[in-house]
Each structure stands twice: as structure tokens, then as C-alpha cells.
Amino acid sequence: MANAETATIDAPAAGRRRERLLAGLGRTAGWLDALGLSFLVPLVRLVLGDSPREQLGELKRVLVIPMIGIVAFLVAWAAFAPQIQTSLGAVPGPAAVWEQAGNLWEDHLREREKAAAFHERQDVRNAKLEAAGQHDRVKWRSYTGKPTYLDQIVTSLITVGLGFVIATLIAVPLGIASGLSRTVNGAINPLIQIFKPVSPLAWLPIVTMIVSALYADPADWLPKSLLISAVTVTLCSLWPTLINTALGVASVDKDLMNVGRVLQLPTRKTVMKLVLPSSLPLIFTGLRLSLGVGWMVLIAAEMLAQNPGLGKFVWDEFQNGSSQSLARIMVAVFTIGLIGFALDRVMYALQRAFTFSATR
């Protein structure tokens with residue numbers, strides 16, 4: 001009898017907990033979608049017993065069908081790759097590419113072990129010299145081993161980040177000015193139409209010569225090669241942000257702008273309080289496009305200029321011509337694609353965080 005009463009009392013409490021969990025899941029669903037984890041929502045709802053038929057259908061749409069597409073691609077790749085012969089041998093299949101990904105990781109670990117051993121020997125040597133009172137002979141050197149695959153990834157991310165920041169600092173103010181003033185828009189629109197289609201391969205020689213002339217004494221934290229690649233990224237990626245910012249500012253509700261004029265708000269407050277909040281969705285759309293363009297441009301710039309990064313890794317492997325080179329290049333291709341996807345998801349999450357709606 002007591003057990004039956006306890007079960008009767010616990011049932012409403014369990015129902016309330018379930019409702020709270022579902023409500024919390026509804027609030028986080030948008031963030032999970034922004035991060036590319038939307039399949040977790042129907043999974044959790046299914047576990048909580050919320051409309052199993054509906055959740056199974058949603059799970060099929062967001063998880064099962066994409067997985068079928070990926071599996072079909074891998075099967076077709078594995079079946080047709082061995083039949084295509086190149087100068088470096090047959091095109092590697094998924095297993096060979098996965099194996100080279102593991103080898104690149106192991107190479108990174110071995111290089112880190114060498115670096116740790118080098119610093120340990122240096123510390124022991126310097127400690128002995130200091131104990132002997134020979135402080136003038138103490139020297140600290142950086143490890144100069146070859147950059148690993150992960151080092152190349154980090155270099156490319158730093159470069160595209162720097163180029164993207166510079167492009168944003170240029171494009172957003174220019175876009176706001178263009179959207180607010182027809183005169184400014186008329187002045188810069190021809191320049192946008194001329195320079196927007198220019199390839200990074202055309203910009204790179206010009207940027208290289210100008211940076212080499214103006215940045216003759218490079219700082220340790222900003223090598224000349226990194227700055228050249230970053231400026232090339234800037235020149236090719238600022239246009240989507242500029243165009244979308246101008247469009248967003250120009251499409252701000254005219255009644256809202258009239259209210260600002262009636263209140264005699266200064267230009268700075270008008271921009272900060274009225275223009276930016278209304279145009280942020282389109283600005284972020286431009287930023288997402290610019291980051292995607294910048295990431296693509298960077299790889300081409302690194303390949304052509306032989307600047308450190310993933311592009312140089314791909315070119316070096318192509319020139320190497322070993323039996324493993326093609327598989328390593330394909331590892332780089334998948335890495336570039338996955339990083340590009342991750343960068344877009346990060347920008348989409350920021351868009352959801354700083355705008356009232358993800359779409360305009």
C-alpha cells in the first residue's frame with residue numbers, strides 16, 4: 001500500500017522534471033543547431049518519451065540520411081579509387097588516408113618529444129654553467145625542428161584570423177558609411193565592382209613587394225610571410241562584409257531613422273543605438289561569407305608564396321612525389337574542409353548570440 005502511494009506521489013514530480021528538461025532542451029536547440037549538433041535534440045526527446053514517432057522522423061532527417069550519404073561516399077571512394085592510376089600510384093582509399101592521418105599525428109608527437117628533450121638538455125647545460133659561475137656562457141635557444149602538420153594548421157588559423165580581423169575593421173565602417181550616405185556609396189561602388197573579382201593569385205605578387213618594402217624589419221611575433229598571406233586574405237575577403245553591411249544599413253526601417261532625427265541623436269549614437277542593432281543579421285552574414293572566402297584564399301596564397309601553413313604542406317607533398325604524398329594531400333583536403341565547416345559554425349553561433357534573429 002505504501003509503495004503504491006509513493007509511486008502516485010512521484011509520478012507528478014517525474015512529469016514536472018520531464019517538462020523542465022524538455023523546456024531547457026527547447027531553449028538550447030538553437031545553439032545545438034548552430035554548432036552542428038542538431039541531431040542531439042530528437043535523441044534526447046526520444047529518451048524522454050516525447051512523441052517517439054515524430055522524433056524518429058526528425059532523427060532520420062538530421063542524422064540517418066546524412067550518415068547514409070557519408071557512407072555511400074566512402075563506399076564509392078573505396079571502390080573506384082584503386083582503379084585510377086596516377087604518376088604516384090593508385091588513388092588512395094579511405095583506409096590509406098586514415099593511416100596517413102595517424103602517421104601525421106605520430107610525427108607530431110615525435111617532434112614534440114624531440115623538442116622536450118632539446119629543452120631538457122639545454123636546461124641541464126645552463127644549470128651546470130650557472131653552478132660553475134660561468135653566467136656569460138649561458139644561452140637560451142629556441143627549438144628549430146621542422147614544423148609538424150598540426151603546427152601548419154595552427155599557422156594557417158592564425159593567418160586567416162589576422163586577415164579576417166583586418167578585413168572586418170576595414171569593411172564594417174566603410175559599409176556603414178556607404179549604407180548611410182548615397183555619396184559614399186556612389187564613390188566606392190565602382191571600386192567594389194572592379195576589385196571584388198580579382199583573384200588572390202593576382203594580389204599576391206603586389207602584396208609581397210609592398211610588404212617587403214614597408215616591413216623591412218619584421219618582428220619575431222609577426223613574420224613577413226605571415227603578414228603577406230594575411231593581407232592577401234584581407235584584400236580578397238573584405239567585399240562580402242562590406243556589401244552586406246551597406247545593404248543592412250540601407251535597409252534599416254526609415255521610421256526608426258526618422259525617430260533618431262526627431263530626437264536629434266548625434267551620428268555616433270544613431271549608429272550604435274539604431275543602425276547596428278538593426279543591421280547585425282546581414283553584417284554577420286557578410287562576416288560568415290568573408291571568413292569562408294578568406295579560408296579558401298589563404299590555402300592558395302600559401303601554396304603560391306610557399307608561406308608556412310596548410311597550403312605549403314600540400315605543395316611540399318605534391319613536390320615530394322612519394323607513395324604516401326597523395327594520401328597526405330587528401331588528409332589536408334579533409335582537414336581544410338572540416339576546419340572551414342567549424343569556422344562557419346562558430347560565426348553562426350556568434351550571430352545567434354549577438355542578433356535578435358539568425359535570419360533577416
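Is T232 buried or exposed? I looked this up first and found T232 buried (under 20% relative accessible area, with a 1.4 Å probe and protein chains only), at a relative accessible area of 0%.

I note that this is a predicted model, in which local features need pLDDT of at least 70 and side-chain atom pairs count only at pLDDT 80 or more, while totals for chains, interfaces and linings use all residues. Residues are numbered from 1 along each chain as its sequence is written, and side-chain values use heavy atoms, with hydrogens and water left out.

I placed T232 in helix α8, residues 224–250, where helices are DSSP runs of H or I with at least four residues, numbered from the N terminus. Leaving aside neighbours within four places in sequence, I listed its contacts (heavy atoms within 4.5 Å) as P200, W203, L204, V207, V297 and A301.

I then turned to the largest nonpolar core (buried Ala, Val, Leu, Ile, Met, Phe, Trp, Tyr and Cys residues joined through side-chain atoms within 4.5 Å), which has 48 residues, with Y149, W295 and L310 making the most contacts inside it. Helix α10 (267–305) gives the most to this core, with 12 residues. Not counting residues up to four places away in sequence, L310 touches Y149 and W295, among others including I153, I299 and I339.

Last, I checked helix α4, whose 38 residues (94–131) should span 56 Å at 1.5 Å a residue, taken as 1.5 Å times one less than the number of residues; its end C-alpha atoms are 56 Å apart, which agrees. The buried residues of α4 include V97, L104 and H108, and they pack against α3, α5, α11 and α12.

Notes:
Helices (H or I, at least four residues) and strands (E, at least two) are DSSP runs, numbered from the N terminus. Buried means under 20% relative accessible area, exposed over 50%, partly exposed in between (1.4 Å probe, protein chains only).
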